[in-house]
Amino acid sequence: MKKIQMVDLKSQYLKIKEDVDRGIQEVIDTTSFVKGGKVVEFQQELEKYLGVKHVIPTGNGTDALQIALMGLGLQRGDEVITPTFTFIATAEVVALLGLTPVVVDVDPETFNMSVEAVRKAITPKTKAIVPVHLFGQCADMQALMDLAKEHNLYVVEDACQSIGSKYIFDDGRVCQSGCIGNIGCTSFFPSKNLGCYGDGGAIFTNDDDLAARMRAIANHGMVVRYHHDLIGVNSRLDSIQAAVLQAKLPHLDEYIAARQSAAAYYDKAFAGNPHITTPYRDPKSTHVFHQYTLKLSGVDRNAVQAQLKEKGIPAMIYYPVPLHLQKAYQDPRYKQGDFPVAEELCATVLSLPMHTELDEEQLKYITDAVLEAVNQ
């Protein structure tokens, strides 16, 4: 049996090696390393895949979130609502810009932000909502967009874990995650469903004016060379990373299907076990399984993780501490116990290996080991 990894990028690379190597070699041959043709080609191909007017490549997903908020022209002290159960980048960019992060609890089934919690958190200072499509499944975008319209708020989707996921509205419309709100952001970190071989990210929007503004912000606030109309940053997807992403993009649906197949195997193996709650599938959203995250009960989660490690099975905790209890973001408005769902998840979730190269032998070994650990 192959060594089990959380993400097996080497095996995935070997299947597309010829395309990846050729693309990288083209960049080297042209020496167009920054803003080269590969970046433009990938941008256009991703726009077509997503059905969105504008893709703005960036240096990473965190930059994408920061540039998105900068593009909205928010002012110091404006409030931005985010879930407390997420990776730190979501709140980090809010704080870096001098905005006020307002955190809310999450839904106990989907782990995505609770719409009712968002509703209760809106104040006259609220200017934007940042839903995170956690672990590969969309937040309740229809309800959130209705709420945003009611209160004249921007919606910036953090789709850093959900590229390729689709949201289905009540009227039958189907939209790609990240392409529903005013702006969407994603990350191309290597372990993502669509990942490069370094850092990378992108912004999505259908708003021409916002696109022009954010494109300028990402390029030092410059539209005409050496004429700086806005305060900007330097955030670019380099041509070598674009070449890798261009080779991978045609396989994205295939990668998603492989993850969904592995998730189905896990589901079947764990069905009915009283200690395990498998990932909920929201009928309004497809799930692309950036992570396959269990919720454990009646067992010591950390002991289960340690036992799996002894058997050569990596298992990760995403995330052990919610935003409102992080030392860097301590706020007198919040204390332990204020967000019980998120706090319970931080104490009980465990993510199993999930990637495109998992085979049945590995999946059986993993599931047998998990069941042995929780049933002791």
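How many helices and how many strands does the protein chain have? In this model, which I should say at once is a predicted one, the protein chain has 13 helices and 12 strands.

Let me start with the chain as a whole. A compact globule of 376 residues would have a radius of gyration near 21 Å, and because the protein chain has 21 Å, the value agrees with that expectation. If we take the box along the principal axes, the C-alpha atoms of the protein chain fill roughly 65 × 55 × 45 Å. Of the 376 residues in the protein chain, 56% are buried, and when we look at contacts between residues at least 6 apart in sequence, 72% of them join residues at least 24 apart.

Turning to the surface and the charges, the protein chain exposes about 16,300 Å², with 52% of that area supplied by carbon and sulfur atoms. The side chains include 36 positive and 46 negative ones, and the centres of these two sets lie 2 Å apart.

Now to a single residue, Lys192, which an unreviewed UniProt entry covers with the annotation "active site". Where does lysine 192 sit among the strands? Lysine 192 is found in the loop between strand 8, residues 183-187, and strand 9, residues 201-205. Is this lysine 192 buried or exposed? Its relative accessible area is 15%, and since buried means under 20%, lysine 192 counts as buried. Setting aside the neighbours within four places in sequence, lysine 192 is in contact with Cys160, Gln161, Ser187, Arg259 and His290.

Definitions and conventions:
Residues numbered from 1 in each chain as written. Predicted model: local features only at pLDDT ≥ 70, side-chain atom pairs only at ≥ 80, totals over all residues. Heavy atoms only, no water. UniProt positions renumbered as here; feature names shortened; annotations may be inferred. Helix = DSSP H or I, 4+ residues; strand = E, 2+ residues; numbered from the N terminus. Buried < 20%, exposed > 50% of the residue type's maximum accessible area, 1.4 Å probe, protein only. Contact = heavy atoms within 4.5 Å. Rg over C-alpha atoms; globule rule 2.2 N^0.38 Å. Areas by Shrake-Rupley, 256 points an atom, 1.4 Å probe, with all protein chains shown as cover. Lys, Arg positive; Asp, Glu negative; His and termini not counted. Charge placed at Lys NZ, Arg CZ, Asp CG, Glu CD.
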